Amino acid sequence: MDDASNGKPKTELLDQLEEGPWPSFVKEIKAASQGSEKATDLLRQLERSYEERKGHWKHGGMVGVLGYGGGVIGRYSDLPEEFPQVAHFHTMRVNHPAGWFYTSDALRTICDIWERHGSGMTNMHGSTGDIILLGTTTDQLEPTFQELAQNGFDLGGSGSAVRTPNCCVGMARCEWACFDTMKLCYDVTQAYQDELHRPAFAYKFKFKFAGCPNDCVASIARADLSVIGTWKDDIQVDDAEVANYAAAGVDIQKEVCDLCPTKTMGWDGKKLSIDNRECVHCMHCINVLPKALRPGKERGAVVLIGAKAPIMQGALLSSVLIPFVPAEELLDTLKELVKRIWDFWDEYGTNRERVGELIQRVGMPAFLDGIGLEPVPEMVAAPRDNPYIFFETKNGGAK
Amino acid sequence: MPVFECEGRMYEVDEDGFLQEPERWSQDVAKDFAQTEAIADLTDGHWKVINYIRNYYLQFGIAPMVRKLCKETGYKLNEIYQLFPSGPAKGACKLAGLPKPTGCV
């Protein structure tokens with residue numbers, strides 16, 4: 001490809017990607033190309049891809065570090081003669097700290113390691129949550145891994161393994177967290193080191209932990225096993241603060257009560273009333289009136305199963321598996337549950353079948369039977385709307 | 001196509017070092033490739049895994065799933081990593097002369 005007369009790579013098409021209002025990866029790669037030949041060849045190859053409307057990365061690659069079966073994603077250019085600096089351009093995934101808290105020293109350490117061993121370009125963070133180190137050659141993988149390990153970092157998950165568990169920032173910054181997401185994320189990461197580094201499953205398995213139903217890590221849409229904080233008792237109401245919001249101009253009836261999905265709230269101009277039995281814990285009222293309302297005191301989490309993004313088949317959202325686990329029992333409950341789920345998935349899952357797809361194929365009743373859980377009404381999205389489920393009152397009559 | 005050379009013997013390999021001519025495979029070939037996988041000596045344990053993978057591949061045309069490999073050879077997964085430090089797919093399949101296993105990362 002001909003470069004422009006100023007010696008920089010020709011990037012007519014890529015330049016258009018810098019024009020919009022959003023931050024652009026093109027700008028970042030151009031900045032990196034000041035000191036990195038890899039970034040320059042990356043720009044050239046990418047411009048070519050836009051010209052030809054064709055990707056120039058080969059599919060797959062089987063590279064890694066000794067002792068681990070994951071953490072490195074092989075990338076090779078299919079035009080290695082033209083773009084020698086990106087002939088190998090492997091990605092390394094590094095396990096991020098729960099909640100993405102770093103000291104600036106830690107960030108500098110990672111960047112320094114990567115400037116010595118790779119392109120210097122990173123992606124903080126990838127959609128898995130991991131630190132993504134972009135672009136290195138096969139011979140640099142082991143030295144990078146060793147140096148990362150000496151500085152307290154480990155590789156993340158890739159392939160058919162437990163992926164690096166991920167959580168929202170939780171109690172570190174958010175008063176709504178109903179359990180300590182960062183601690184649970186760390187404990188689960190430690191508990192499943194073998195399954196994280198040495199792929200043994202039919203396909204990937206993701207854990208995500210969200211402290212409240214706002215679900216800031218979108219666990220309900222992306223995790224095979226989602227743990228979402230919730231509470232069992234009543235929403236805590238501070239009447240004086242509700243009155244303050246009203247005095248400050250918040251239209252409680254219109255902005256809170258009318259937008260409640262189950263219309264379980266009332267406002268008489270002075271006092272907010274909530275019928276907590278009808279509350280579906282959507283967080284709307286708490287989000288609108290954060291000083292006045294907060295989750296109840298009896299806190300824990302709901303455990304859900306089976307979400308995935310659309311790769312092999314269509315996207316799935318999680319389904320409720322356990323409606324409520326007290327916060328202090330979460331780790332033990334998860335360990336027992338996950339053991340049973342993996343046993344069932346190992347036995348019946350086909351190659352590259354996510355656990356959510358397996359449940360779709362065999363049916364939720366067979367899956368529940370397989371893992372030894374009783375069906376409960378909370379597993380159904382809207383139990384009272386479903387004509388095929390009959391609830392009985394305690395003395396036997398239809399409800 | 002890259003070439004892997006071992007004591008004068010030349011093998012065509014792909015960019016990850018997997019043998020490109022499956023019909024050339026023999027135990028001696030496996031011994032040559034062991035050097036690329038940080039394996040000093042091929043023990044009975046190594047051969048048990050290699051032969052299982054090789055036979056499975058000849059019968060079914062693909063590499064066995066990890067779970068099946070463990071079940072049939074009696075090795076736990078971390079024991080397989082002790083035998084083949086880069087793992088069953090990159091290490092053991094390479095020595096068994098299989099083409100690169102496909103998978104999604």
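1. A good place to start is strand β6 of chain A, which is covered on both of its faces. On one side sit F207(A) and F209(A), on the other K208(A) and A210(A), and all four of these residues are buried. Please keep in mind as you read that this is a predicted model.

2. Which strands make up the sheet around β6(A)? The order is β5-β6-β7-β12-β13 in chain A, five strands forming an open sheet with mixed pairing. At the edges you will find β5 (166-167) and β13 (319-326) of chain A, each of which pairs on one side only.

3. Now look at the two neighbours of β6(A). β5(A) runs parallel to β6 (residues 207-210) of chain A, and two bridges join them. Within this pair, N166(A) stands opposite K208(A), and C167(A) has F209(A) as its bridge partner. The pairing of β6(A) with β7(A) is also in the parallel sense, over four bridges. Here K208(A) has S226(A) of β7(A) as its bridge partner. K208(A) is therefore a handy residue to click on: it is buried, by the criterion of 20 or more other C-beta atoms within 10 Å.

4. What lies across this part of the sheet? Helix α6 (residues 181-191) of chain A lies across β5, β6 and β7 (225-231) of that chain. Its direction is at about 165° to β6(A).

5. From the residues of α6(A) you can step to another helix. L331(A) has its place in helix α12 (residues 330-348) of chain A. Leaving aside neighbours within four places in sequence, L331(A) is in contact with L184(A) and D187(A). The C-alpha atoms of L331(A) and C185(A) are separated by 9.5 Å, although the two residues are 146 residues apart along the chain. Is L331(A) buried, exposed or partly exposed? L331(A) is partly exposed because it has 16 other C-beta atoms within 10 Å, a count that falls between the 12 or fewer of an exposed residue and the 20 or more of a buried one.

6. A separate feature of chain A is a hairpin. Strands β3 (residues 121-124) and β4 (residues 131-134) of chain A run antiparallel and are joined by four bridges. M121(A) has L134(A) as its bridge partner in β4(A). Between the strands of this hairpin there are six residues, and G129(A) takes a positive phi near 105°.

7. Towards the start of chain A, have a look at two helices that meet. The axes of α2 (residues 25-33) and α3 (residues 37-52) of chain A come within 7 Å and cross at roughly 140°. That angle makes α2(A) oblique to α3(A). The crossing, in which α2(A) passes α3(A), is left-handed. On the side of α2(A), the contact is made by I29(A), K30(A), A32(A) and S33(A), and on the side of α3(A) by A39(A), T40(A), L42(A) and L43(A). Sorted by class, this contact has five nonpolar, two polar and one charged residues.

8. It helps to step back to chain A as a whole. There are 14 helices and 13 strands in chain A. Its C-alpha atoms fill a box of roughly 80 × 55 × 40 Å along the principal axes. Of its 399 residues, 40% count as buried. For contacts in chain A with a separation of 6 or more, residues 24 or more positions apart account for 62%.

9. How many residues of chain B are in contact with chain A? There are 19 from chain B, in contact with 21 residues of chain A. On the chain B side, the elements that give two or more residues are α3 (66-73), α4 (77-83) and α5 (87-95) of chain B. The residues on this side divide into nine nonpolar, five polar and five charged.

10. Finally, α5(B) deserves a visit of its own. This helix is mostly covered, with nine of its nine residues buried. Among them are G87(B), P88(B), K90(B), C93(B) and L95(B). The buried residues of α5(B) pack against α1 (27-34), α2 (44-60), α3 and α4 of chain B. Just after α5(B) comes G97(B), which takes a positive phi of about 75°.

Technical notes. Residues are numbered from 1 along each chain as its sequence is written. Chains are lettered from A and ligands numbered from 1 in the order in which they are written. This is a predicted model: local features need pLDDT of at least 70, side-chain atom pairs count only at pLDDT 80 or more; totals for chains, interfaces and linings use all residues. Axes are lines fitted to C-alpha atoms, for helices over the stretch in contact, and angles run from 0 to 180 degrees between N-to-C directions. Angles under 35 degrees count as roughly parallel, over 145 as roughly antiparallel, 65 to 115 as roughly perpendicular and the rest as oblique. A crossing is left-handed if the near helix is turned anticlockwise from the far one by less than a right angle, and right-handed if clockwise. Two residues are in contact if their C-beta atoms, placed from the backbone, lie within 7 Å. Ala, Val, Leu, Ile, Met, Phe, Trp, Tyr, Cys and Pro count as nonpolar, Asp, Glu, Lys and Arg as charged, and the others, Gly among them, as polar. Two strands pair if DSSP finds at least two bridges between them.
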